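Me: Please take one part of this model and go through it closely. Give me its setting in the chain as well, and keep the sentences short.

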Amino acid sequence: AKELGIIGGYSDGTFRPLANVTREEVTAIAIKAGRFSPETLYINIFPDVTSSSWSWPYILEARNLNLVSGYLDGTFHPSSPVTRAEASRIVDLLLKARGDLL
């Protein structure tokens, strides 16, 4: 996955394999794995996803593709850990969006 550019490490050079994956990280992984282009125009869809966040292009593209949604209060919670259910849903929707990946 690293060789394909789907995942990478942190800015300090670590990978942290035992750390939880966050909503923003899994969203970026899904966009990269699906070979989609990250959004290039920032729109404030989620109040907790700002234009200064590294992940906004991936989150907005995933939202455009209906791979992710926010919570009832309109937030996204980018740094929250992903549940197994959330990850499974994102993978399922990703595969449906890119049928050629099946």
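Reply: Start with the contacts. In the protein chain, take those with a separation of 6 or more: 62% of them join residues 24 or more positions apart. This is a predicted model. Its average pLDDT over the protein chain is 93, and 98% of the residues score at least 70. By element, the mean is highest in helix 2, at 97, and lowest in helix 3, at 92.

The inventory is short. The protein chain has 3 helices and 0 strands. From the N terminus, the order is α-α-α. The radius of gyration is 13 Å, close to the 13 Å that the globule rule gives for 102 residues, so the protein chain is as compact as a globular protein of that length. Along the principal axes, the C-alpha atoms fill a box of roughly 35 × 35 × 30 Å. Of the 102 residues, 31% count as buried.

The part I pick is helix 1, residues 23-33. Here 8 of the 11 residues are buried, so helix 1 is largely enclosed by the rest of the structure. The cut-off behind that word is a relative accessible area under 20%. The buried residues are Arg23, Glu24, Glu25, Val26, Thr27, Ala28, Ala30 and Ile31. Charged side chains are therefore not excluded from this set: Arg23, Glu24 and Glu25 are among the buried residues of helix 1. The cover over these buried residues includes helix 2 and helix 3.

Now the approach to helix 1. Arg16 lies in the segment before it. Arg16 is not a glycine, yet has a positive phi of about 60 degrees. Its relative accessible area is 41%, which makes Arg16 partly exposed. Thr22 is in the segment before helix 1 too. Thr22 is buried, at a relative accessible area of 15%. Which residues does Thr22 touch, leaving out those up to four places away in sequence? They are Pro78, Ser79, Ser80, Pro81 and Val82. On the far end, Arg35 comes just after helix 1 and takes a positive phi of about 60 degrees.

Next, the partners. Helix 2 covers residues 56-64, and the loop between helix 2 and helix 3 holds Asn66. Asn66 also has a positive phi of about 60 degrees, although it is not a glycine.

Helix 3 runs over residues 84-97. At 1.5 Å a residue, its 14 residues should span 20 Å, and its end C-alpha atoms are 20 Å apart, which agrees. Ile90, Leu93 and Leu94 of helix 3 are buried. These three cover an arc of only 105 degrees around the axis, which puts them on the same side of helix 3. Arg84, Ala85 and Lys96 are exposed, on the other side of helix 3. What do the buried residues of helix 3 pack against? They pack against helix 1. The cover is thus described from both ends: helix 3 is part of what covers the buried residues of helix 1, and the buried residues of helix 3 pack against helix 1.

Last, the record. An unreviewed UniProt entry carries the annotation "domain: SLH" for residues 1-41 and 42-102. Residues 1-41 are 27% helix and 0% strand. The end C-alpha atoms of that span lie 27 Å apart.

Terms used:
Residues numbered from 1 in each chain as written. Predicted model: local features only at pLDDT ≥ 70, side-chain atom pairs only at ≥ 80, totals over all residues. Heavy atoms only, no water. Helix = DSSP H or I, 4+ residues; strand = E, 2+ residues; numbered from the N terminus. Buried < 20%, exposed > 50% of the residue type's maximum accessible area, 1.4 Å probe, protein only. Contact = heavy atoms within 4.5 Å. Expected span 1.5 Å × (residues − 1). Arc of directions from axis to C-beta. UniProt positions renumbered as here; feature names shortened; annotations may be inferred. pLDDT = per-residue confidence, 0-100. Rg over C-alpha atoms; globule rule 2.2 N^0.38 Å.
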